[in-house]
Amino acid sequence: MKAVPPAGVFITFEGGEGAGKSTQVARLARHLRERSGREVVSTREPGGSARAEEIREALLAGLAKPYGPFAEALLFTAARIDHLDRLIRPALRRGEIVLCDRFADSTRAYQGAAGGLDARTVRALERVAVGETRPDLTLILDLPPEAGLARARARAGEGAPDRFEAEALGFHARLRAGFRAIAEAEPDRCALIDAAHEPDAVEAEIRAVVEARLPSLFRNATESRHDAA
Ligand code: Z5A
């Protein structure tokens with residue numbers, strides 16, 4: 001009889017510009033590969049599948065900006081549907097751990113809280129696209145927008161700011177408030193991480209949260225090590 005894979009685990013990273021999401025996705029992926037004994041897939045939004053990466057290019061170039069936040073939300077959602085169908089859901093069905101740099105909370109915060117799209121519309125799009133594939137854990141990296149934008153600007157090789165980096169400071173302040181409100185409204189799913197510290201300290205906080213919230217990831221690895229002994 002074929003062994004049934006363990007349930008997949010879906011972890012998302014959220015926050016404003018330069019909060020350190022990509023840095024911490026890579027670090028957590030390394031840690032989980034070593035400690036959980038499970039396959040770990042790192043991905044991002046917008047993007048993560050060939051078609052979604054094409055939509056990403058158009059969105060970050062600002063091609064949809066003139067059509068307003070609803071049109072942008074539709075495009076982020078279209079990219080999300082393809083990403084879910086082609087990468088996220090198949091990986092979760094195989095019992096893998098999926099780490100995603102941004103997901104549906106970014107639509108809530110960027111197009112909703114900061115962009116002004118009404119919450120009911122954002123929720124309706126989310127319901128249709130995401131369905132039951134909700135994150136098991138969302139790590140919201142919290143940082144004053146001035147600090148995040150400075151980090152993003154200082155990044156080596158950075159060219160002109162993209163569509164969202166170019167927004168005024170008020171937009172980024174609303175964004176931060178939007179992410180903090182999500183963390184407050186859904187404390188079982190979300191953890192607010194202080195992203196102002198240096199990367200090793202942020203990584204330690206994230207590891208502690210993951211170990212406390214998802215202990216089965218580490219228990220299974222310990223059991224299989226014992227089984228093998
Ligand atoms: N968007 C949206 O509007 N709606 C949606 O539904 C979705 C997305 C899904 C994607 O751009 C854009 O799409 C995004 C939101 C919007 N807005 N923008 N711009 P992206 O993927 O290109 O950008 P991003 O997600 O904002 O990522 P980022 O700017 O690259 O930031 P990050 O991933 O959070 O940070 P990082 O790359 O890890 O670090 C940035 C720099 O800071 C880098 O030089 C690091 O070495 C440094 N760093 C990292 N951590 C630290 C600490 N702890 N201290 C000091 N320096 C650090």
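This is a short walk through one protein chain and the ligand it holds. Before anything else, keep in mind that we're looking at a predicted model.

Okay, the overall fold. The chain has nine helices and five strands. Reading from the N terminus, the order goes β-α-β-α-α-β-α-α-β-α-α-β-α-α. How compact is the protein chain, for its length? The radius of gyration comes out at 18 Å, and the globule rule gives 17 Å for 229 residues, so the chain is as compact as a globular protein of that length. If you like to think in boxes, the C-alpha atoms fill one of roughly 60 × 40 × 35 Å along the principal axes.

Now the part I expect you care about, the ligand. Where does the ligand sit? The space it takes up is the largest pocket. There are 26 residues around the ligand, and the ones that come nearest are Glu 17, Lys 21, Ser 22, Thr 23 and Arg 155.

So who's making the polar contacts? Let me pick out three. Glu 17 has a polar side-chain atom 2.5 Å from a nitrogen of the ligand. Ser 22 has a side-chain N or O atom that sits 2.5 Å from a ligand oxygen. Then there's Arg 80, where a side-chain N or O atom is 3.1 Å from an oxygen of the ligand. As for coverage, the ligand on its own has 1,100 Å² of accessible area, and the protein covers 84% of that.

What kinds of residues make up that shell, by class? You get 11 charged, eight polar and seven nonpolar residues. Four helices each put in at least two shell residues: H1 (21–36), H2 (50–60), H3 (69–93) and H4 (104–114). Which of the elements gives the most? That's H4, with four residues.

Last bit, two backbone oddities, both in loops. The peptide bond from Glu 45 to Pro 46 is cis, with omega near -10°. You'll find Pro 46 in the loop between strand E2 (40–44) and H2, and H2 is one of those helices that supply the ligand shell. The other one is Arg 102, which has a positive phi of about 80° even though it's not a glycine. Arg 102 is in the loop between strand E3 (97–101) and H4. And H4, remember, is the helix that gives the most to the shell.

That's the tour, so go ahead and spin the model around.

Key
Residues numbered from 1 in each chain as written. Predicted model: local features only at pLDDT ≥ 70, side-chain atom pairs only at ≥ 80, totals over all residues. Heavy atoms only, no water. Near = heavy atom within 4 Å. Polar contact = N/O pair within 3.5 Å; in protein donor to acceptor, adjacent residues only side chain to side chain. Areas by Shrake-Rupley, 256 points an atom, 1.4 Å probe, with all protein chains shown as cover. 1 Å grid on protein atoms, 1.4 Å probe; cavity = no way out; pocket = protein on both sides within 12 Å on 5 of 7 lines; lining within 4 Å. Sits in = over half its atoms within 2 Å of the grid points. Nonpolar A, V, L, I, M, F, W, Y, C, P; charged D, E, K, R; others polar. Rg over C-alpha atoms; globule rule 2.2 N^0.38 Å.
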